[in-house]
Every structure is written in C-alpha cells, then in structure tokens.
Amino acid sequence: MGRFYYFYQKIKLKDIDSFISASLTKRNSSDSLRLLKTESSLIDFCSNDYLSFSRSSELKKLYELELQNYPDYKLGSTGSRLLAGNNQFTEDLEKDIADFHEAEASLLFNSGYDANAGLLSCLPQRGDTIICDEYIHASIIDGARLSHASRFIFRHNNVESLEEKLKLAKGLIYIVVESVYSMDGDEAPLKDICRLANKFGAAVIVDEAHATGIFGNRGNGIVHELGLCREVFARIVTFGKGLGTHGAAILGSAELRTFLINFCRSFIYTTAASFQSHLAVKVSYKYLKTTSQQADLFERIRCFRSNILKHDSLVPSRSAIQVVLIRGNTRTREVAAHIQKAGFDVRAILSPTVPEGSERLRICIHNHNSFIEIKDLCLTINQLL
C-alpha cells in the first residue's frame, strides 16, 4: 500500500508540473509572459514615486533625525496588532492620518492589497451586493470574490450602467471605485456616484491609492477635494506611491475601525509592520504638509501632454499616470523596447492585465523628471507612433 501511494503521488506531482509548464507555454505563446526586472540606469518614467518622496534627501534627513528620538526601537513589530505588535505610536499615527484626511478614524494595513482584500472580504455578507467598476484593482476583485455577497460589474465610469446594476441589487449595497484608475489615470465621476448611492441607499468605497498626496489642497485626495468626505463610507489610502513609503490605511467611522479589528482577517492574522515603516509614514505625511510639490508635478504633466503630437493616442488624464495606447501585445512590446533603448524606463502594459485591444505604454510623471527629459521622451514616442 505504501509503495502504491508513493507511486500515485509521483504521478500527481508530474501532473502539477505539466500544468505549470503548459500554463507558462500558453502565456509565452501569446507574448504576455511577465518577467521581473531589477533596477536599471534608465530614466524613471515607470515608478509610482510621483512626488519623488522615496528619493528625497531632505525627507531622508527628517526621517533619520526623527529616528534618533526612539533609540530603543525594535527592528520588527514581533506580532500582530492584537498580540504584541501594537503600541501608542501606531495608534497616534492612525489618529494623525484620520485627521489629515478629515475622517473619523483610520486603521493601518501592511499594503493596499491587504486593505482592499480585507475590507471587501469581511464587510459584505451573504445576501448583500457589491458593485464594482470594470477597471477596479485586482485587490478589490479578490476581496469581493472572498465574500459571500453577490457581485456586479458596471461599465467604466458609466453612471447609467451603475444605475442599472443598482436596480438589481439586494441587501446591503456597496459601490466600489477608484478615484484615479491605475491603468488609465482617469478619474471616477464621484459626485454622480454619490448621488446614485444616496438614491439607492448604497455605501460608497473609494480607493484613493493614486490620488493620495497628489490631489486636494494638501494631497488629501480627490474625495476631500470634491467635499465628499461625509458622502463616502470608506476610503483606502496607500503610502507606497505619492508618499514614497509603504503600507495603507482604511479611513471611515470609529465603528468601522472596531469592526475591522474584530473581523478583518488580513488585519488580524498578520504581523504588524515595523516601527521604522510606521515612522517613515509619519515623517512623509509631515513633509507633505510643508511642501507644495503638487504644483511642480502638474507642470510636468502639462509639459508631457502638450508635447505628444498624436493626441488621440493619449487617454484623458490630469493625474501622474499618462497612457499612450498602442494596441497589440507584440507591437506594444516593440515600442517599449525602442523607448528603453533610447534611455527611458517606460513599460508596456499588456493583456490580460488590460483588456485585449487596449495594450498601452503606462508612463508615470515625477518631480524628479526634468522638463528636458520629458520633452526628449515625447520626441522618442512621437517618432514611433
């Protein structure tokens, strides 16, 4: 029996290896195989470091000075927040973040993925309804799948399509959108969405990952910019993009915070982020309040858009995410390779990451990009379009 079981297991392992090999071969044949790349000497038009905070020597100095005030800090948090990983510094930071974004409370998470997946998997229940924009982030899709709620998708930024889905919704209703979409850089019509939410008694959840630090009078986000803080049930802000650090927070009511502490598995069952990580977030927010780098970024964005000659290839966007549609995985790869040879780190975004036929160059504008670099990039793109 033991020998037969061992032989049977060997066959099963071969089946698993065959499945992996076939999946990779299929993806490679469609020219959509993903590969990791290390840092390069290319000019950065790829990262999400929009305000250049992650490389700011001034911000690093502020961090190092602040760190000296905590000589006994631990390298790791040593446990989850519910066990050994909580402290007064972290709770004070959460209050500061909530105040900055004009929310009642906030709860820190180790990443935007953890925040989105955790919130959507624990809050909607069986018999409830989640309605998401078709371009919503994968972390929200995964969270919704883990819930027992019914799920609907509405056409991107189409309030008529949203209303159609709202008419079909049952139970408690959650509308989930991004304020700035990560693959197109365009914005959700939040005022219209909130109006529909009020009409149908739905809760609006907004992922502000690509708006945090960029939009609003101090980088508070688009929800704040539009005066919708009281209209939106929950917001997700992340720190790994505009703020140049790492982690995320869910903003909402004090009662929502307590609910998440009790029921959100991605919060309960993970080791908390380190003190150094939370300190970096604190210093980054402090630095954000004392700078006016948003204006510098918007100047660079205008420079990029005005120097692309084929405007119909540009997706409308006032954000740091600028998209040049190429279409077709092979052609998009080729164009990106030419641009990289010219010295610019621009990446091809291929299907299935984006729908087939909408393959594109995703170009991120930063404050560390000089105007000359931006114009030279545009010249290279214009020659290839």
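This is a short tour of a predicted model, with a few stops to select in your viewer.

**Stop one: strand 5**

Start by selecting residues 173-178, which make up strand 5. Is this strand mostly covered or mostly open? Mostly covered: six of its six residues are buried. Now show the side chains. In a regular strand, side chains alternate between the two faces of the sheet. Here, Ile173, Ile175 and Val177 point one way, while Tyr174, Val176 and Glu178 point the other way. Whichever way they point, all of them are buried.

**Stop two: the partners of strand 5**

Keep strand 5 on screen and add residues 129-133, which are strand 3. Strands of a sheet pair through backbone hydrogen bonds, either parallel or antiparallel. Strand 3 and strand 5 take the parallel option, with four bridges between them. To find one of these bridges, click on Thr129 and look for Ile173, its bridge partner in strand 5.

Next, add strand 6, residues 203-207. How many bridges join strand 5 to strand 6? There are five, and these two strands also run parallel. For a bridge to look at here, pick Val177, whose partner in strand 6 is Val206.

Now bring in helix 7, residues 190-200. Together, strand 5, helix 7 and strand 6 form a right-handed β-α-β unit.

**Stop three: a three-stranded sheet**

Move on to strands 9, 12 and 11, and colour them in that order: it is their order in an open sheet of three strands with antiparallel pairing. Which strands sit at the edges? Strand 9 (321-325) and strand 11 do, each pairing on one side only. Neighbouring strands in this sheet are turned by 35° against each other on average, if you ignore direction.

Zoom in on strand 11 and strand 12, which pair in the antiparallel sense over three bridges. Select Ile349 and you can trace a bridge to Arg360 in strand 12.

**Stop four: the largest pocket**

Stay with Ile349, then add Arg34, Met183, Ala348 and Thr353: of the residues lining the largest pocket, these five lie nearest its centre. The pocket holds about 1300 Å³ of space, and 37 residues line it. Elements giving two or more residues to that lining are helix 5 (138-146), helix 13 (329-341), strand 11 (347-349) and strand 12 (360-364).

Last, colour the lining by residue type. What is the mix? You should find 18 nonpolar, eight polar and eleven charged residues.

Notes
Residues are numbered from 1 along each chain as its sequence is written. This is a predicted model: local features need pLDDT of at least 70, side-chain atom pairs count only at pLDDT 80 or more; totals for chains, interfaces and linings use all residues. Side-chain values use heavy atoms; hydrogens and water are left out. Buried means under 20% relative accessible area, exposed over 50%, partly exposed in between (1.4 Å probe, protein chains only). Two strands pair if DSSP finds at least two bridges between them. A crossover is right-handed if, with the strands pointing away from the viewer, the path from the first strand over the helix to the second runs clockwise. On a 1 Å grid over the protein atoms alone, a cavity is a set of points where a 1.4 Å probe fits but cannot get out, and a pocket is an open set with protein on both sides within 12 Å along at least five of seven lines; lining residues have an atom within 4 Å of a point. Grid points are joined across faces, edges and corners, and a volume is the space filled by probe spheres set on the points. Ala, Val, Leu, Ile, Met, Phe, Trp, Tyr, Cys and Pro count as nonpolar, Asp, Glu, Lys and Arg as charged, and the others, Gly among them, as polar. Axes are lines fitted to C-alpha atoms, for helices over the stretch in contact, and angles run from 0 to 180 degrees between N-to-C directions.
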